[in-house]
Amino acid sequence: MDLLNQNRIWIIGGSEGIGLELTKQLLNKGSYLVVSARKAEQSIELVKLQAQYPKHLALLNCDVSLKDEVQSKTNQAWSIYNGLDTWIYNAGTYHPMTLKEWDINAFDKMNQVNYLGAVLFMHALLPLFEKSHSSEKKSQTQWLWNISLASDFGLPYGGGYSAPKAALQNLAESLQPELEEANIQLKVVNHGFVKTRLTAKNDFTMMGLMKPDEAAKKIVLALQKNHFETRFPFSLASTLGIIKRLPKSWALKITRTMLHKG
Ligand SMILES: NC(=O)c1ccc[n+]([C@@H]2O[C@H](COP(=O)([O-])OP(=O)(O)OC[C@H]3O[C@@H](n4cnc5c(N)ncnc54)[C@H](OP(=O)(O)O)[C@@H]3O)[C@@H](O)[C@H]2O)c1
């Protein structure tokens with residue numbers, strides 16, 4: 001039987017774009033989902049899906065930047081199906097900016113959503129997962145964090161977004177061995193440009209731009225495979241992978257060419 005069939009999954013950031021497509025594909029696989037976003041319970045798309053899958057889809061409003069609500073939201077999500085097998089952190093926000101236009105509130109928000117929110121929910125979920133899954137096979141229990149290929153190397157104007165993503169990648173690498181000991185398989189997905197409201201803010205040609213359902217399909221595959229990191233598409237993943245490994249002075253010469261002219 002498919003590992004994801006009957007799997008109890010909490011998706012944080014499942015109301016739009018990639019997360020919404022992930023929700024649809026996991027419902028098709030027979031998973032039991034709790035889907036969260038700030039207004040998940042009011043989302044027309046999610047409410048329609050709930051009518052279609054009343055036993056398999058629960059909606060839970062949750063703003064990852066509200067620290068005081070993390071424990072109560074975690075307890076609520078946990079209790080809906082009497083436990084969880086998988087947690088997906090997909091919440092993200094993006095505000096490109098030049099140094100001159102630096103918006104400290106937007107930067108603060110990107111830190112909260114792209115990094116600190118994952119850490120807060122990880123901290124609240126860990127004791128629950130440890131208690132209920134300590135004796136199970138690790139493949140049945142997983143956490144997947146949707147990070148970004150932007151975490152590979154800081155690019156002009158995108159640092160406010162990519163720096164918290166890079167912090168999350170570094171944290172994942174640091175925590176994976178301990179989590180594995182605790183029978184929790186931590187996975188990261190680092191993918192490139194996907195056509196959503198986030199990338200609608202970009203005014204440049206996006207190499208390898210994908211549709212949200214294509215990206216979601218690859219994330220579902222990542223849930224079924226046994227790899228720590230999944231990277232796609234190949235073209236952008238290898239380009240950024242090379243930039244990351246070049247001597248920094250060479251890499252910075254390349255990224256300097258990305259500055260706006262004039
Ligand atoms: N699009 C890309 O090219 C791309 C590339 C690499 C990585 N990613 C990552 O993929 C993930 C999904 O991105 P997307 O492009 O699908 O963006 P999106 O369409 O804007 O979806 C983002 C999701 O996060 C939720 N979210 C945002 N702020 C939140 C908050 N404070 N609390 C709870 N949920 C919140 C949103 O719901 P509400 O706004 O309703 O709360 C929505 O469900 C993000 O982590 C993003 O960084 C995207």
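This short talk goes from the whole chain to one of its helices, H5.

What you see above is a predicted model, in which local features need pLDDT of at least 70 and side-chain atom pairs count only at pLDDT 80 or more, whereas totals for chains, interfaces and linings use all residues. Residues are numbered from 1 along each chain as its sequence is written.

The chain has 8 helices and 7 strands, where helices (H or I, at least four residues) and strands (E, at least two) are DSSP runs numbered from the N terminus. Buried residues, meaning those with 20 or more other C-beta atoms, placed from the backbone, within 10 Å of their own, make up 39% of the 262 residues. Along its principal axes, the C-alpha trace spans about 55 × 40 × 35 Å.

Let me turn to H5, which covers residues 159-181. Its 23 residues should span 33 Å at 1.5 Å a residue, and the end C-alpha atoms are indeed 33 Å apart, which agrees; the expected span is 1.5 Å times one less than the number of residues. There is nevertheless a kink of about 40 degrees at leucine 175, shortly before proline 177, the bend being the angle between axes fitted to the seven residues ending there and the seven starting there.

Which elements do the buried residues of H5 pack against? They pack against helix H4 (104-133), strand E5 (142-146) and strand E6 (185-191), with contact taken as C-beta atoms, placed from the backbone, within 7 Å. Among these buried residues are Tyr161, Lys165, Gln169 and Leu179. Just after H5, asparagine 183 takes a positive phi of about 65 degrees.

How values were computed: A residue is buried if 20 or more other C-beta atoms lie within 10 Å of its own, exposed if 12 or fewer, and partly exposed in between; C-beta atoms are placed from the backbone. Two residues are in contact if their C-beta atoms, placed from the backbone, lie within 7 Å.
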